[in-house]
Amino acid sequence: GLRKRLFDIRAPRIRPALDDKILTDWNGLMIAALIEAAMSFSRPDWLAAAQKAYGFIRDRMIVAPPDGMIELRHSWRNGDARHRATLDDYAGLARAGIALYEAAGDITGLDDAQKSIAYLNTHFASADGAYFFTDDQASDVIARTKTGFDNATPAGNGIVAEVLVRLYHLTGQLHHRDRAEAVLRAFAGESAKNPFGYGTLLMAGGLLADATQVAVIGKPDDPRSQALREAAYRGAGATRIVSLVGPGETLPDGHPAAGKTQQDGVPCAYICSGPVCSLPVTSPDALIAELST
């Protein structure tokens, strides 16, 4: 047919080169998106794909991490990890790690996010509170730039601001909140003049101002606990932060649901806004309905 004829005519042309390098920043974005989709549509295969991709990046892009920090490389190809990582790489890995922690309870993801932020605070932070695109070890840049403006991909400063807010809510550590506020202040003037260009930063500001925290109390391997966690994703929007803690475990000090327990041994969820939490919810459908109002 016509498609075969067209293919034959095009066949002698030089084909485009195959770009088969693997990038830390883009994989971080994709992993977080896969996890969101997996939880929203009950697709464990998508979650497994995200976990596999995260494992690849973690195993091959981290080089000689110092104590309390993670040092990354930007790209991988043919068994070789190259180039100093940029702000977007650290932001992407941290966001993916937190997404993995919220969805699957993988403490490694939360730990990686905190170590990535520690490296950023040491080697990328500027005096005004924002983060430079390159670290203070880079010797091949004329000037170190910093921006909160979204382009084809979200701005690294915007992603980091969201990561910091989520870390603050998930760990209760106030220094994460302080750093998030510093990033938001650094770009406050620019984002006020052009809010459409700073969507990621504004989303982070909204998360800081009005996060919906869903705390699920139940055994992580109990299907009822997982059903409640998935319901949290289907019922709430982007300002949702999910925690799952086992019976007898505790949420961080300052979390509005700290001290809450199961009801008669049945896994349940508490919806918290600011310092106020709902009554316990045990039904996934009821949780979706509560979050959707």
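Buried means under 20% relative accessible area, exposed means over 50%, and partly exposed lies in between (1.4 Å probe, protein chains only). This is a predicted model, in which local features need pLDDT of at least 70, side-chain atom pairs count only at pLDDT 80 or more, and totals for chains, interfaces and linings use all residues. Residues are numbered from 1 along each chain as its sequence is written, and side-chain values use heavy atoms, with hydrogens and water left out.

**Exercise 1. Cysteines**

Task: Find which cysteines form a disulfide (a pair of cysteine sulfur atoms within 2.5 Å), and state how Cys268 fits in.

Solution.
- Step 1. Search the whole structure: one disulfide turns up.
- Step 2. Name the pair. Cys272 and Cys277 are linked, with sulfur atoms 2.1 Å apart.
- Step 3. Read the twist. The angle about the S-S bond is 100 degrees, and the link of Cys272 and Cys277 is right-handed.
- Step 4. Turn to Cys268. Cys268 is in no disulfide, and the nearest cysteine sulfur, that of Cys272, is 11 Å away.
- Step 5. Check the accessible areas. Cys268 has a relative accessible area of 0%, so Cys268 is buried. Cys272 is buried too, at 1%. Cys277 has 21% relative accessibility, so Cys277 counts as partly exposed.

**Exercise 2. The sheet**

Task: Work out the order of the strands in the open sheet, and say which strands are at the edges.

Solution.
- Step 1. Fix the terms. Helices (H or I, at least four residues) and strands (E, at least two) are DSSP runs, numbered from the N terminus. Two strands pair if DSSP finds at least two bridges between them.
- Step 2. Start with β4 (residues 212-217) and β5: six bridges join them, and they run parallel. Ala215 has Ser243 in β5 as its bridge partner. Ile217 stands opposite Val245.
- Step 3. Go to the next pair. β4 and β6 (residues 268-273) are antiparallel, over six bridges. Here Thr212 stands opposite Ser273.
- Step 4. Add β7. β6 and β7 are antiparallel, over two bridges. Cys272 has Cys277 in β7 as its bridge partner.
- Step 5. Write the order: β5-β4-β6-β7, four strands with mixed pairing. The edge strands are β5 and β7 (276-277), and each pairs on one side only.

**Exercise 3. Cover for the strands**

Task: Decide how far β4 and β5 are covered, and trace the path between them.

Solution.
- Step 1. Count in β4. Five of its six residues are buried, so β4 is largely enclosed by the rest of the structure.
- Step 2. Count in β5 (residues 240-245). Six of its six residues are buried.
- Step 3. Recall a rule. In a regular strand the side chains alternate between the two faces of the sheet.
- Step 4. Sort β5 by face. Arg240, Val242 and Leu244 lie on one side, Ile241, Ser243 and Val245 on the other, and both faces are covered.
- Step 5. Follow the chain. From β4 the chain crosses through helix α10 (residues 223-235) to β5, and this β-α-β crossover is right-handed. That means that, with the strands pointing away from the viewer, the path from the first strand over the helix to the second runs clockwise.

**Exercise 4. Cores**

Task: Describe the largest nonpolar core, and then the contacts of Leu120.

Solution.
- Step 1. Define the core. A nonpolar core is a set of buried Ala, Val, Leu, Ile, Met, Phe, Trp, Tyr and Cys residues joined through side-chain atoms within 4.5 Å.
- Step 2. Give its make-up. The largest core has 67 residues, and Leu72, Leu120 and Tyr131 are among those with the most contacts inside it. Helix α4 (residues 87-104) gives the most, with eleven residues.
- Step 3. Find another core. Apart from the largest lies a core of eight residues, among them Ile217, Val245, Cys268 and Cys272.
- Step 4. List the contacts (heavy atoms within 4.5 Å). Leu120 touches Leu87, Tyr90, Ala125, Tyr131 and Val160, not counting residues up to four places away in sequence.

**Exercise 5. Unusual phi**

Task: Locate Ser42 and His83, and give the phi of each.

Solution.
- Step 1. Recall the usual case. Most residues other than glycine have a negative phi.
- Step 2. Take Ser42. Ser42 sits in the loop between α2 and α3 (44-61), and its phi is near 55 degrees, a positive value.
- Step 3. Take His83. His83 is in strand β3 (residues 80-84), and its phi is positive, about 70 degrees.

Methods. Disulfide = S-S within 2.5 Å.
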